[in-house]
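Student: Could you take a close look at one part of this model for me? I would like to look at the charges and the backbone of a single chain, and then at how that chain sits beside its partner.

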2 protein chains.
Amino acid sequence: MNPNAERFMSRALELAAANAASGHGGPFGAVIVRDDDIIAEGVNLVTSTNDPTAHAEVVAIRRACAAIGEFQLTGCELYTSCEPCPMCLGAIYWARPAAIYYAGTHKDAAAVGFDDSFIYQQTRMKPQERAIPMVRLLEELANQPFRAWCDNQNRVPY
Amino acid sequence: MNPNAERFMSRALELAAANAASGHGGPFGAVIVRDDDIIAEGVNLVTSTNDPTAHAEVVAIRRACAAIGEFQLTGCELYTSCEPCPMCLGAIYWARPAAIYYAGTHKDAAAVGFDDSFIYQQTRMKPQERAIPMVRLLEELANQPFRAWCDNQNRVPY
């Protein structure tokens, strides 16, 4: 484990508490570290920016990728004040950092009114069993975009 | 089901195929509909904007919320060319639209090289079992941000 890990986590928790007090959004903060330097910080900005995807981890990932000019966080570490929700866990997997550190759990978040645990349950269910109805449509045309992708010799995989 | 559903899905598939051919990003498109009008469209912009969170659904959700000035998509429908990955499914649950329509499946996406199925498997695992190491740290301080949240009488829940 990074010997400075507690220092970086303290910063994520500090950001989270300050954000909760400020009214900018939920009580969450995250920092992204490369070579022992913080390259980006994020806080939850859902309600102040009308962006339901603006969780601390997503904000930090977007800023870190902008800072380094890449769509991957290879070799980076992510420190988040609370266990990532499924959206943020997915974002982390797409960004592919080397490690995730977290302090609180999704049960802690649920205890103060956030949907993290509910959404984890939903992701484990089949589409047709979920709370938001999911309907498959035009499946006979679904492969057209994938064919266009495979036909593009200049495609950039991610 | 919305009688115009196939028309909206055709548009999502059209966006997806055009995006794959354009080289702006992956072969995915999404539209968000309210009162039978498209209020936002999105395509995958991961590689062209260096943003691993810029999947079609996330882009469309962010644009739709910006268009209506709210952080919820109450009463809206989301049409996506392919079943949402866990990040996008989480984003959808946080935005809370009324329904999700999709054409392809996460297995179709996996067949052309995307990690959707792998990330679904990862979300179902315990933190300590996942491919990206997850380490809990400073758990004794994890509740400080949540206390600041509960103490803020002007907090805006979401």
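Tutor: Happy to. Let us begin with charge, where Lys and Arg count as positive and Asp and Glu as negative, while His and the chain ends are not counted. On that basis chain A carries 13 positive and 18 negative charges, and the mean positions of the two sets lie 6 Å apart. Please keep in mind that this is a predicted model.

Now for the chain that holds those charges. Chain A has seven helices and five strands, and along the sequence they come in the order α-β-β-α-α-β-α-β-α-α-β-α. Its C-alpha atoms fill a box of roughly 50 × 40 × 30 Å along the principal axes. Of the 158 residues in chain A, 59% are buried. The chain exposes about 6,200 Å², with carbon and sulfur atoms supplying 47% of that area. As for how the sequence folds back on itself, take the contacts between residues at least 6 apart in sequence: 48% of them join residues at least 24 apart.

Next, the backbone, with one general point to start. Most residues other than glycine have a negative phi. Against that background, A:L138 deserves a look, since its phi is near 50 degrees, a positive value in a residue other than glycine. You will find A:L138 in the loop between β5 (134–136) and α7 (144–151) of chain A. Buried here means under 20% relative accessible area, so A:L138, at 9% relative accessibility, counts as buried.

The partner chain offers a case of its own. B:D36 is not a glycine, yet its phi is positive, at about 65 degrees. This residue belongs to the loop between β1 (29–34) and β2 (37–43) of chain B. Its relative accessibility is 34%, and B:D36 therefore counts as partly exposed.

Finally, let us put the two chains together. Chain A is superposed on chain B by a rotation of 180 degrees with 0.0 Å of shift along the axis, at an RMSD of 0.0 Å. The two copies are therefore related as by a two-fold rotation axis. If you want to find that axis from chain A, go to A:M87: its C-alpha is the one in chain A nearest the axis, 1.9 Å from it. Both copies use the same surface, as 100% of the contact residues of chain A recur in chain B.

Terms used: Residues are numbered from 1 along each chain as its sequence is written. Chains are lettered from A and ligands numbered from 1 in the order in which they are written. This is a predicted model: local features need pLDDT of at least 70, side-chain atom pairs count only at pLDDT 80 or more; totals for chains, interfaces and linings use all residues. Side-chain values use heavy atoms; hydrogens and water are left out. Copies are superposed by least squares on the C-alpha atoms of residues with pLDDT of at least 70 in both. Contact means heavy atoms within 4.5 Å. Helices (H or I, at least four residues) and strands (E, at least two) are DSSP runs, numbered from the N terminus. Buried means under 20% relative accessible area, exposed over 50%, partly exposed in between (1.4 Å probe, protein chains only). Accessible areas come from the Shrake-Rupley method with a 1.4 Å probe; for residues, only the protein chains shown count as cover. The place of a charge is taken as NZ of Lys, CZ of Arg, CG of Asp or CD of Glu.
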